[in-house]
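Colleague: Please take a close look at the salt bridges in this model. I would like to know which side chains pair, where the partners sit along the chain, and whether they are buried or exposed.

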Amino acid sequence: MYKKFFGIKDRPFSKTPDPRFLFFSRGHREALARLQYAVEERDLVLLTGEIGCGKTTLSRALIDELGEQYKVVLLINPRLSPLEFLRAVAHRLEVKEPARSKTDLLEQLGERLYSLFQQSICPVLIIDEAQLIPSKETFDEIRLLTNFQLDDQNLLSVVLMGQPELRKRLAHRAYEPLRQRIGLSYDLLPLNVEETGEYLEFRWHVAGGSGNLFTQEAIQEIYNYSGGIPRKINHAAALAILEGFGRETRTVDEQVIRSILPELALTS
């Protein structure tokens with residue numbers, strides 16, 4: 001109903017990821033460029049950022065950019081023991097009947113990686129929410145996967161993504177061997193207030209909206225609430241549109257934003 005009122009075709013601030021609504025700030029462009037470079041170099045790359053900053057969205061953008069010469073292995077729930085982790089990777093690499101013993105499993109993985117190399121296919125292991133990996137031993141298996149290499153290149157690329165605590169965890173001296181394998185690293189920061197306004201305008205226009213829905217004062221209020229984190233920006237903007245619809249106003253000003261702050265506080 002509110003879409004008709006505002007003259008838009010889609011919900012501009014939906015929680016559901018949609019590549020059409022992917023907004024690239026300077027930080028997002030740089031992060032994606034580093035991810036692409038690391039994958040092309042078959043390297044290990046670390047991407048960190050606060051909850052809701054767009055790490056998962058960037059991983060989807062990376063996957064969309066990769067051609068047929070790449071085979072993506074995406075792990076979104078890395079709460080795995082070392083053996084469970086290796087079996088999960090083997091299964092997604094289409095290893096038939098992954099072994100139960102670590103020694104046999106590593107041999108299967110090595111054979112599969114070399115087979116893919118002969119087909120000019122580079123596996124890309126993307127581990128989302130890597131801060132949830134339960135033990136150092138599982139991290140050790142990630143490091144050891146990078147041992148599968150030929151004289152001049154690795155046989156796979158690894159992308160570790162997680163919240164800032166992942167970077168703090170890896171800073172411990174116990175993880176020094178893994179840190180030495182990291183070829184590129186990037187910490188994705190929230191949007192600034194100017195980028196917040198650009199983000200809101202971009203998504204509004206992609207949804208079919210015209211003109212400027214949010215006043216500059218409203219953008220500042222949304223930034224003050226969200227800290228520039230896209231997920232929080234979406235939350236505030238979605239509620240603001242509903243509030244504007246209820247008030248029968250086609251412009252969201254600071255008064256509309258301030259009126260929804262109590263609800264935002266309850267649902268954040």
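Modeller: What follows takes the pairs one by one and ends with a network.

This is a predicted model, in which local features need pLDDT of at least 70 and side-chain atom pairs count only at pLDDT 80 or more, while totals for chains, interfaces and linings use all residues. Residues are numbered from 1 along each chain as its sequence is written, and side-chain values use heavy atoms, with hydrogens and water left out.

Side chains of opposite charge can pair when their charged atoms come close. The structure holds 10 salt bridges (a side-chain nitrogen of Lys or Arg within 4 Å of a carboxyl oxygen of Asp or Glu).

One of them joins Glu94 to Lys71, with 3.3 Å between the closest N and O atoms. Glu94 sits in the loop between helix H4 (82-92) and helix H5 (102-118), and Lys71 belongs to strand S2 (residues 70-75), so this pair ties together parts that are 23 residues apart in sequence. Helices (H or I, at least four residues) and strands (E, at least two) are DSSP runs, numbered from the N terminus. Glu94 is exposed, at a relative accessible area of 51%. Here buried means under 20% relative accessible area, exposed over 50%, and partly exposed in between (1.4 Å probe, protein chains only).

Next comes the salt bridge of Glu141 with Lys102, where the closest N and O atoms are 2.6 Å apart. Glu141 is in helix H6 (residues 136-145) and Lys102 in helix H5, 39 residues apart, and the pair links distant parts of the chain. The acid, Glu141, is buried, with a relative accessible area of 4%. Its partner Lys102 counts as partly exposed, at 38% relative accessibility.

Glu221 and Arg258 also meet through their side chains in a salt bridge, at 3.0 Å from N to O. Helix H10 (residues 216-226) carries Glu221 and helix H12 (residues 254-267) carries Arg258, so parts that are 37 residues apart in sequence are tied together by this pair. Glu221 is buried, its relative accessible area being 14%, whereas Arg258 is partly exposed, with a relative accessible area of 42%.

A network closes the account: Arg26, Glu30 and Arg34 are joined into one by salt bridges that share partners.
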